[in-house]
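Work through the exercises below with the sequence and the model in view. Each task is followed by a solution in steps.

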Amino acid sequence: MDLSFYKYQGTGNDFVMIDDRNEQFDHKNLELVSQLCDRKFGIGSDGLILIRNKEGFDFEMVYFNADGSQSMCGNGARCAVAFSKFLGIIDEHTKFLAIDGPHEASIRNGLVELGMGDVHSISNADQDYFVNTGSPHHVRFVDDVEQYPVVKEGASIRYSDTYQPSGTNVNFVSTLAEDEIYVRTYERGVEYETLSCGTGVTACALVYGYQNKLNHVKIKALGGNLSVKFAATSDGSFKDILLIGPAEQVYKGTIKI
Ligand SMILES: N[C@@H](CCC[C@H](N)C(=O)O)C(=O)O
């Protein structure tokens, strides 16, 4: 059977997107998901997203990592908003459902402002930090992130006893300017460094912003630039979090499954 798909990228985090409003894709077939995401034997991507109908929402984003596991994906959600606009499901504003709950977003000229879920706290993790932004993120500040062994150190933290059994994503951060950081991320479920991670840069921006009394942090990632705005509350939690950045359709195709 031929499966139609679109390919999207958000700051280099790339996704196979499937319009599955007729629910024909077998979402329990995780082997198929990882085969489609395989860069040698499939289409190739960091993740796969199904757009489905959901009562009370414009759509539901069903997200899978390349290995078939599921979590919240910030860049994927920005791409899902762009794809839903392309499909004519939404106009400039949307309310949709993801695995971590409802989200609101807007899109203008390919730039997506994505409302993220509230974050309850930043925890200490040895000398580093841990933040859950819909997906789990370890955050470590380093002197020169460009030269840092992200895959080696990231894998060692991801598989450490502290994070068993489900593991974590791992972000390494250096300061570029007073209001700008450079973030590189080892992603769980891809099991490698990706060019950008939306929930990851959000976690890093919250930690950096909190420490430096900022409510708007710019982020450089390997795949492009993002920014995060938020409000810090007196009890150490964060609300009104916006992840802002581009989302682009790269191509469409069909593949035999
Ligand atoms: N790339 C994503 C994060 C995807 C989920 C993550 N790999 C996990 O399993 O926690 C993003 O842009 O947020």
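**Exercise 1: G198 and N75**

Leaving out residues up to four places away in sequence, G198 touches G10, N13, C73, G74, N75, R78 and L243; a contact means that C-beta atoms, placed from the backbone, lie within 7 Å. The model is a predicted one, in which local features need pLDDT of at least 70, side-chain atom pairs count only at pLDDT 80 or more, and totals for chains, interfaces and linings use all residues. Residues are numbered from 1 along each chain as its sequence is written.

Task: state whether G198 is buried or exposed, and do the same for N75.

Step 1. The terms rest on other C-beta atoms within 10 Å of a residue's own: 20 or more is buried, 12 or fewer is exposed, and in between is partly exposed.
Step 2. G198 is in helix 4; helices here are DSSP runs (H or I, at least four residues) and strands are E runs of at least two, numbered from the N terminus. G198 is buried because 31 C-beta neighbours lie inside 10 Å.
Step 3. N75 is found in helix 2. N75 has 35 other C-beta atoms within 10 Å and so is buried.
Step 4. Beyond neighbours within four places in sequence, the contacts of N75 include G10, N13 and G198.

**Exercise 2: the ligand shell**

Task: find which residues are closest to the ligand and which helix gives the most to the shell.

Step 1. The ligand is surrounded by 17 residues, counted by a C-beta atom, placed from the backbone, within 6 Å of the molecule. The closest are S71, N75, S135, G198 and T199.
Step 2. Helix 2 gives the most, with 3 residues.
Step 3. Domain 1 (2–110 + 247–256) and domain 2 (123–245) each supply at least three residues of the shell; the bounds come from an automatic or database domain assignment.
Step 4. The UniProt annotation "binding site", from an unreviewed entry, includes N75, G198 and T199; such annotations may be inferred rather than shown by experiment.

**Exercise 3: the two sides of helix 3**

Task: say which residues of helix 3 are buried and why they share a side.

Step 1. In helix 3 (residues 150–158), the buried residues are V150, G154 and I157.
Step 2. These cover an arc of only 65° around the axis, so they are on the same side of helix 3; the arc is taken over directions from the helix axis to the C-beta atoms.
Step 3. The buried residues pack against strands 10, 11, 12 and 13.
Step 4. K152 and S156 are exposed, on the face turned away from the buried side of helix 3.

Notes
Two residues are in contact if their C-beta atoms, placed from the backbone, lie within 7 Å.
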